[in-house]
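Me: Please take a close look at one strand of this protein. I would like its surroundings, its partners and its pairing in one connected answer.

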Amino acid sequence: MCGRYSITLPPEAIRQIFQTHGELPNWPAWYNAAPTTALPVVRQATEGGRELVLMTWGLIPWFSKDGKLSYSTINARAESVQANASYREPFKTRRCLVPASGYFEWTGPKNDRQPHFFTRADGQPMALAGLWDRWRSKDKSETKETFTIVTTEPSKFAAQFHNRMPVVLEPNTWEGWLRGDPDAAASLMKPANDDVLVSRPVSKAVGNVKNNGPELLNGS
């Protein structure tokens, strides 16, 4: 599961890290990004190269009748993306990278849950495996571009916190995820090695999606 994450790097830094071209969108620092938020995504550009665009978190399939978001599409299970009707086509041709400073998981009882912030051990930003889609209304007056984050079985380290984890892609796999054939992309949907991620407990205020500030990443 990946139901909340952080992306605090400025747009220009994301452009440089992911080597994107074209128009540079602007967005605020998100310390507590939640589903339905417009967030930066890196995808293959039509004219070649990579582009950085804002999309809403929570995939709306192109065939949706009403263009409404289903909460269940914020994550796509790696084991079923090639069979699931909502993800089958995006997996073939509309894969993307989701830049993240880190992501959150919770432990403990429902009434006293402790959030943990996962980051890369090397201090670099994460590239989470994503899928995107474009929905258009029947009269073509409205268009929505949305994305989902692919999850997989957890590494031994991540399993201490949750039974799923997002697919964290290494830089040398980014091009393969964006442009590789489906079989090549499928081989990348696996847990991160145990030494890739570290975690720390952070403020329980993360639990409220209205909260968004650097203090959230301090200890609880």
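Reply: Here is a close look at strand S9 and its neighbours.

This is a predicted model, in which local features need pLDDT of at least 70, side-chain atom pairs count only at pLDDT 80 or more, and totals for chains, interfaces and linings use all residues. Residues are numbered from 1 along each chain as its sequence is written, and side-chain values use heavy atoms, with hydrogens and water left out.

Strand S9 covers residues 114-120. Strands (E, at least two residues) are DSSP runs, numbered from the N terminus. In S9, 7 of the 7 residues are buried, so the strand is largely enclosed by the rest of the structure. Buried means under 20% relative accessible area, with a 1.4 Å probe and protein chains only.

Now the two faces. In a regular strand the side chains alternate between the two faces of the sheet. In S9, one side carries Gln114, His116, Phe118 and Arg120. The other carries Pro115, Phe117 and Thr119. Both sides are covered.

Next, the partners. Two strands pair if DSSP finds at least two bridges between them. Strand S8 (residues 102-107) runs antiparallel to S9 and is joined to it by 5 bridges. Within this pair, Gln114 of S9 stands opposite Thr107. The hairpin of S8 and S9 has 6 residues between the strands. There, Gly108 takes a positive phi near 100 degrees.

S9 also pairs with strand S13 (residues 197-201). That pairing is antiparallel too, with 5 bridges. Here Phe117 has Arg200 of S13 as its bridge partner.

Conventions
Buried means under 20% relative accessible area, exposed over 50%, partly exposed in between (1.4 Å probe, protein chains only). Helices (H or I, at least four residues) and strands (E, at least two) are DSSP runs, numbered from the N terminus.
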